[in-house]
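Student: I've got a structure open and I'm not sure how to read it. Could you walk me through it?

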Amino acid sequence: MHWNLISKEQTASPVPLPTIDNTEPCHIDVLLRTIPEKGLPNDESTFKASSSDNTVLFRTSNGPSQNTTGDTHSTFQFDKVFDANATQKDVQDFLLDPTINDVLRGYNNTILTYGPSFSGKSYSLIGSQDGGGILPNICKALFSTLEDREKTKGNNFSVCVLAFEIYMEKTYDLLVPLPERKPLKLHRSSSTMDLEIKDIRPAHVNSFEDLKSYIQSVQNPGNRMGYSGKAERSRSHVVFQLHVEQRNRRHDILKNSSLYLIDLHGADKFDKRIENTLSQDALKKLNQSIEALKNTVQSLETKSLDAVYSAKASHSSTYRESQLTEVLKDSLGGNRKTKVILTCFLSNVPTTLSTLKFGDSIRQINNRVMDNTSGLNLKKKMDLFVQDMKIKDDNYISQINILKAEVDILKGHNSESDSKEDMATKFDDSKKENTKLKLQLDSIAQLLGKLTNEEPNNNINDEVSVILMKRCEQIAQLELSFDRQVNANSKLEKELEYKKSKEEALESMNVKLLEQIQLQEREIQELLTTNAILKGELETHTKLTETCNERIKSLEGSVKELGINKSATPSPRKGSVSSSSGNTMSHIEEGSELSNSPWSLNAPSKPVGWGVRKVSSSSIATMGSQESFTPRPFKKGLNLHSIKVTPNTPKSPDSGN
Ligand SMILES: Nc1ncnc2c1ncn2[C@@H]1O[C@H](COP(=O)(O)OP(=O)(O)OP(=O)(O)O)[C@@H](O)[C@H]1O
C-alpha cells in the first residue's frame with residue numbers, strides 16, 4: 001500500500017481548472033532553547049543568550065568582528081530565545097496555538113529539533129511517558145479544537161497518523177512491532193512530486209484517546225532501531241505525522257493539511273572512540289544524514305528561492321543525499337510552515353557555535369506556502385479560483401501603482417537634471433574667467449619682466465608679486481572648483497544613465513504586468529461564461545426532471561386508478577380475461593416501458609410515442625369490462641382513449657388537448 005505524505009484532494013473534477021501560483025513566501029522560524037547545566041555557572045563569558053531581544057552574543061578572540069577593546073564578538077538573531085530557566089510550558093505556549101491555527105487553516109506545518117546529543121531535543125519535542133513534550137500536548141489541543149469546530153461550525157474531520165524512523169539511511173515504520181520492522185522504500189511520484197513511502201501503515205484516529213497508544217510507541221526509546229541503552233544517545237531520527245482533513249458541507253469547503261513533528265538524533269558526529277561497537281561503515285551511514293542536512297541548508301541559503309522551488313526542477317540532487325533530506329524536502333524550501341527548535345548547552349563552545357550557525361543558515365531559507373483549501377464541488381472550486389484571481393489582480397494593480405509612483409519620481413529626477421545645463425553654463429563661465437585671468441597673469445608677468453629688467457630692486461616688484469600670488473591662488477581655487485564640477489558632472493551623468501535604465505526596466509515590467517492582468521481578466525471572463533452555461537444547463541435539467549416527476553406521478557395515479565377500477569369490476573366472464581395476466585397494472589408496466597418514456601430521467605433522445613406502448617389484449621378486455629363491456633375493435637398497442645379518463649389520467653402529448 002502507498003501512502004502519500006502530502007494529502008491530495010479527494011474529489012476529482014471533470015473540468016481541470018487553470019493553475020495559478022497561490023504560494024506566499026514564509027521564512028523558517030528558528031527558536032533557541034538552552035539547557036540548564038548543573039554545577040556549571042553561567043558566566044556568559046563566551047555566549048550570552050538574551051530572551052528579551054532574542055539574540056545570542058558570541059565573544060571570542062578569533063571572532064569575525066572586532067570592537068574597540070580588542071575583544072571580538074558576533075550576534076546571532078533568532079525568532080525566539082529561551083534561556084535555561086524556560087519551562088516546557090513557556091516553550092509550548094509560544095508554539096502550540098499558532099501551529100494549530102495554521103493546520104486548521106489548511107497550512108502544512110513542521111516542527112523540527114536540531115542540536116547536539118543530550119541537549120534536550122526529545123525532552124522538548126516528544127517528552128517522556130511521564131511528562132508532556134510538544135507532541136502529546138499539540139495532539140491533545142488539536143483534537144479538542146477539531147471537536148469543538150465540529151460542534152460549532154459543522155466541520156467534519158478525519159485524522160490519520162503515521163510514524164517512522166530513519167536509521168542508518170533506512171526508513172522503518174514505528175507503528176509496526178520492532179521484530180517485524182523492515183526497511184521501507186521512499187520515492188517521489190513522477191507527476192505530483194509528492195513523497196511516498198511504500199508499505200507504511202497509517203492509522204485512522206477519531207480522538208486523542210485513540211492516538212495515545214501511537215504517541216507512547218514513539219516516546220518509548222526501546223521501540224527504536226539501534227537503541228543501545230538508556231544512557232546512550234539516540235541513533236535514529238523520528239518522524240511523527242498527523243494528516244488532517246476537514247470538510248464543511250455548509251460552505252462546500254475541503255481543507256487538507258498535515259503536521260510533521262521531527263526529532264533528529266544528535267548533530268554531533270558519531271565516532272569510533274565512543275561508538276566502539278559500530279563498524280566504520282555503520283558510523284558513516286549514521287553521520288550521512290546530518291551532513292546531508294547541513295549541505296542542503298547551506299545550498300538553499302545561497303540559492304535564490306525561485307530557483308529552488310520550481311515544481312519538478314526543484315527536486316535537485318541536494319535533497320537526494322540522504323533519506324532524511326528527502327523527507328525534509330517540503331519543510332526546507334517547499335509548501336510547509338517550518339519551525340526549528342535549536343537546543344544546546346552554552347558551556348560546550350564548538351557544538352553550540354555549530355548549532356547557532358546552522359540556525360542562522362536555516363533561518364535564511366524561504367519556503368513557499370499555501371493553504372490547501374479547495375471546493376467540494378466544481379462550482380465552489382471555480383468560485384475559490386475566481387476569488388484567488390481577484391486577490392491576485394488587486395495585488396498586481398497595487399504593484400503597478402507602486403511602480404507608476406516610482407516612475408513618476410524618476411521622471412521628477414530627470415527634470416531636476418535640467419540643472420545639468422545650469423552647471424554646464426557655470427562651467428563655461430568659469431572657463432572664460434579662467435582664460436581672462438590667465439591673460440591678466442600673462443600681461444602682469446610681462447610687465448614684471450619689463451620692470452625686473454629696468455629696475456631690479458624696485459618696490460613695485462613686491463607689490464606685483466603680491467598681486468601675482470593672489471591671482472595664482474585664485475587660479476588654483478578656480479581649477480579646484482573646475483575639477484569638482486567635472487567630477488560632479490560625470491557622477492550626475494552616471495546617475496542619470498542608471499535612472500534611465502531603471503525607468504526602462506520599470507516600464508517594461510509595467511507592460512508585462514498589464515499583459516498578465518489582461519490575460520487573467522480574459523481567463524476570469526471565460527470562467528464566468530462557462531459558469532453561466534453550466535448554471536443554465538443545470539436549470540434546464542432541473543426543470544426537465546421536475547416535468548418528468550410530475551408526468552411519472554400522474555402516470556402512476558392513472559395506473560392506480562386503473563387498478564382500482566379493475567378491482568371494482570365484477571369478476572370477468574370466463575374467456576373474456578386472460579387467465580395468465582389478470583393484473584392490469586402489471587400489463588401496463590410490462591408493456592409501457594416507463595423507463596423508456598419521454599418523461600423518464602433516462603429518456604432516450606428519440607421519445608417513444610404513446611401509440612407504440614404495448615399492452616396485452618387481455619388487459620384491454622379487462623378495461624372494457626370496467627365500462628359497459630361493449631366489445632371494441634382490437635387495436636395493437638395501448639389506446640388510452642379507451643381507458644376511462646379520470647382527472648389524474650395524463651393526456652397524450654400527441655392528443656392535442
Ligand atoms: N530543559 C530541560 N530541563 C530539564 N531536563 C532536561 C532539559 N532538557 C533536557 N533535559 C534532560 O536531559 C537529558 C537528555 O535530554 P534528551 O534525551 O531530550 O536529549 P536529546 O538531545 O534528545 O539527545 P539525543 O540526541 O541523544 O536524542 C534527559 O534526561 C532530559 O530529561
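Tutor: Let's go from the whole chain to the ligand and then to single residues. Keep in mind that this is a predicted model.

Student: Okay, how many helices and strands are in the chain?

Tutor: Count 13 helices and 18 strands. Of the 657 residues, 24% are buried.

Student: Which residues are closest to the ligand?

Tutor: The ligand is surrounded by 15 residues, with Gly120, Ser122, Tyr123, Ser234 and Gly266 the closest. Helix H2, residues 121-125, gives the largest share of that shell, 3 residues. By type, the shell has 4 nonpolar, 9 polar and 2 charged residues.

Student: Is Ser122 buried or exposed?

Tutor: For this you count neighbours: a residue is buried if 20 or more other C-beta atoms lie within 10 Å of its own. Ser122 has 22, so Ser122 counts as buried. Ser122 sits in helix H2 and, leaving out residues up to four places away in sequence, touches Ser234 and Asp263.

Student: And where is Phe118 found?

Tutor: Look in the loop between strand E8 (109-114) and H2. Phe118 has 16 other C-beta atoms within 10 Å, so Phe118 is partly exposed. An unreviewed UniProt entry lists a "binding site" whose positions include Phe118 and Ser122.

Student: What about Glu209 in helix H4, buried or exposed?

Tutor: Exposed, because Glu209 has 9 other C-beta atoms within 10 Å, and the cut-off for exposed is 12 or fewer. Glu209 also lies 9.7 Å from Phe143, C-alpha to C-alpha, though the two are 66 residues apart in sequence.

Key. Residues numbered from 1 in each chain as written. Predicted model: local features only at pLDDT ≥ 70, side-chain atom pairs only at ≥ 80, totals over all residues. Near = placed C-beta within 6 Å. Helix = DSSP H or I, 4+ residues; strand = E, 2+ residues; numbered from the N terminus. Nonpolar A, V, L, I, M, F, W, Y, C, P; charged D, E, K, R; others polar. UniProt positions renumbered as here; feature names shortened; annotations may be inferred. Contact = placed C-beta atoms within 7 Å.
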